Amino acid sequence: MTRPGRVRVALLLTVVTAALLTACTGADADPARADATPTTRPTSSPTPTSSPSPPPSPTVSPTPSTAAEIAEAVDKWYTYGGETAMVSLIKEARNAESDRPREAFELVVLDFGGLTDALSTARLMGPIPDPKTQTAWAAAIEHLDGAVREVLASVPKDGRTIQSPQETGQMLRGWSMFDEGIKSLKAAQALLNRRFGLKPSVDPWEAE
């Protein structure tokens with residue numbers, strides 16, 4: 001069974017004007033509902049025990065706390081797979097961006113398979129042990145993943161090769177989300193360099 005990220009589809013994407021782009025990318029998501037109904041717990045009489053249970057042993061948190069510990073932990077994250085995951089995500093995001101439609105009624109082929117695989121690898125790496133850098137890294141993963149889903153969902157399902165206005169709007173929202181993911185990805189890489197002196201030997205943003 002073909003995974004969503006590996007769908008290759010040729011279609012004529014109707015790219016609308018900048019005014020519609022602004023309107024579509026500014027759309028808000030539906031607010032979450034919180035209709036939970038409180039439940040009443042039955043009251044029970046205390047049961048006498050022969051002897052009190054000993055308190056649980058305190059759990060030592062492995063989270064680094066000092067600047068030196070954080071720097072060491074980030075260096076290990078980067079050395080043991082983090083650099084590879086970040087470079088791969090950057091390259092696959094660049095590849096996906098090259099398929100982006102630039103003109104009205106442009107025939108394009110969408111293939112997010114490589115980006116989907118890179119996102120899966122990035123998640124397997126776990127969080128970066130520095131809160132500020134991790135915030136940017138997590139935002140990059142979230143936005144790029146959401147962008148893939150939005151753009152693929154905008155593809156007509158009934159055999160049409162021209163998108164409806166609604167599908168075009170969804171496609172534009174997806175690419176706007178993609179742009180936010182790229183910004184966060186660049187921010188995460190910049191933080192690793194500025195705060196910990198970590199950067200790849202070859203700039204993955206440069207065209208090969």
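This is a short talk on the fold, the nonpolar core and the helix packing of one protein chain.

Hi everyone, thanks for coming. A word of caution to start with: what you see above is a predicted model. Let me begin with the overall layout. We have 5 helices and 2 strands in the chain, and if you walk along from the N terminus, the order of elements is β-α-α-β-α-α-α. There are 208 residues, and 34% of them count as buried. For those of you who like contact maps, take the contacts between residues at least 6 apart in sequence: 80% of those join residues at least 24 apart.

Now to the interior. The largest nonpolar core has 39 residues, and the ones touching the most other members are Leu89, Phe112, Leu115, Trp137, Phe178 and Leu192. Which elements give two or more residues to this core? They are the strands β1 (9–13) and β2 (106–110), together with the helices α2 (67–98), α3 (113–124), α4 (131–153) and α5 (165–196).

Let's stay with Leu89 for a moment. Leaving aside residues up to four places away in sequence, Leu89 touches Leu115, Ala118, Leu119, Ala122, Trp137, Ile141, Leu144 and Leu185.

Some of those names come back when we look at α2 against α4. On the α2 side we have Trp77, Ala85, Met86 and Leu89, and they meet Trp137, Ile141 and Leu144 in α4. By residue class, that contact divides into 7 nonpolar, no polar and no charged. The two helices pack at about 35°, their axes 13 Å apart, and the crossing of α2 and α4 is left-handed.

Next, α4 and α5. How do their axes cross, and within what distance do they come? The angle is roughly 160°, and the axes come within 7 Å. Angles over 145 degrees count as roughly antiparallel, so that is the label for α4 and α5. Their crossing is left-handed. In the contact of α4 with α5, the residues divide into 19 nonpolar, 7 polar and 5 charged.

One last residue before I stop: Lys91, which sits in helix α2. Is Lys91 buried, partly exposed or exposed? Its relative accessibility is 33%, so Lys91 counts as partly exposed, between the 20% limit for buried and the 50% limit for exposed. If you click on Lys91, have a look at Glu206 too: the two are 115 residues apart in sequence, yet their C-alpha atoms are 9.4 Å apart in space.

That's my tour, and I'm happy to take questions.

Definitions and conventions: Residues numbered from 1 in each chain as written. Predicted model: local features only at pLDDT ≥ 70, side-chain atom pairs only at ≥ 80, totals over all residues. Heavy atoms only, no water. Core = buried A, V, L, I, M, F, W, Y, C linked by side-chain atoms within 4.5 Å. Buried < 20%, exposed > 50% of the residue type's maximum accessible area, 1.4 Å probe, protein only. Helix = DSSP H or I, 4+ residues; strand = E, 2+ residues; numbered from the N terminus. Contact = heavy atoms within 4.5 Å. Axes fitted to C-alpha atoms, helices over the stretch in contact; angles between N-to-C directions. Parallel < 35°, antiparallel > 145°, perpendicular 65-115°, else oblique. Left-handed = near helix turned anticlockwise from the far one by under 90°. Nonpolar A, V, L, I, M, F, W, Y, C, P; charged D, E, K, R; others polar.
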